[in-house]
Amino acid sequence: MPEGPSVRKFHHLVSSFVGQQVVRTGGSSKKLCPDGLQALWLQDTQVRLVLHFGGGGFLAFYNCQMSWSSSPVVKPACDILSEKFHRGQALEALGQAQPVCYTLLDQRYFSGLGNIIKNEALYRAGIHPLALGSLLSPSCLEALVDHVVEFSTDWLQDKFQGKHQHTQIYQKEQCPAGHQVMKEALGPPGGFQRLTWWCPHCQPQLSPKEPEQSQLS
């Protein structure tokens, strides 16, 4: 599944078609009949359908899920790349008594945040993936949100500039400090398990009585 920066770049590229009318359709979809979209106006784009517009341009959606929606379904307050991203709401969610690596992937609070951003933000904040949010200091949680936004924003800018993504921990065998990296599938009981990379030295799992502080800048 594409993460926020990839979707946001797509949104930027197709935004010029918003406000135009569909004059012809093509492609196929199991959920929607492309012919039913003819003569409709593109009101918004949210990141195997082909929409042809009167100006001669066209949009092609492939390998994606499609459904009818009368209004935007993504709330800007949850979008990690939106100017309206609600930090307070995100911090409150992270403060729950559950591993922070579970909360980060909860799209209700961190829309667009995927496995790569999760791993990178946790490493850069010096937080163990299974650390309980309720045991982390406010400054530690603030630092984590900062790294989420910073890494996501930098990744988006790199995409626009045609640069390769730079990761420090994701799919690495050693962290930048030269320590051996651990890898394990982690996720809520009965939920989706995602491969997680972390450095036991840079992201130590502290005891419940020991307050955790952000260690990496």
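Is F110 buried or exposed? Select F110 to find out: its relative accessibility is 0%, so F110 counts as buried (under 20% relative accessible area with a 1.4 Å probe and protein chains only; exposed is over 50%, partly exposed in between).

Before moving on, note that this is a predicted model, where local features need pLDDT of at least 70, side-chain atom pairs count only at pLDDT 80 or more, and totals for chains, interfaces and linings use all residues. Residues are numbered from 1 along each chain as its sequence is written, and side-chain values use heavy atoms, leaving out hydrogens and water.

**Aromatic pairs**

The structure holds 3 aromatic pairs (Phe, Tyr or Trp rings, for Trp the six-membered one, with centres within 6.5 Å; planes under 30 degrees apart are stacked, over 60 edge-to-face, the rest tilted). Add F85 to your selection: the ring centres of F85 and F110 are 6.3 Å apart and the planes stand at 50 degrees, so this pair is tilted. F85, with 11% relative accessibility, also counts as buried.

Next, select F151 and W155, another tilted pair, 5.9 Å centre to centre with 50 degrees between the planes. Both lie in helix α5 (residues 138-160; a DSSP run of H or I, at least four residues, numbered from the N terminus), 4 residues apart, about one turn of the helix. F151 and W155 are both buried.

**A pocket to finish**

Now show Y102, L105, P188, F192 and R194, which lie nearest the centre of the second largest pocket among its 13 lining residues. A pocket here is an open set of points on a 1 Å grid over the protein atoms alone, where a 1.4 Å probe fits, with protein on both sides within 12 Å along at least five of seven lines; lining residues have an atom within 4 Å of a point.

How values were computed. Helix = DSSP H or I, 4+ residues; strand = E, 2+ residues; numbered from the N terminus.
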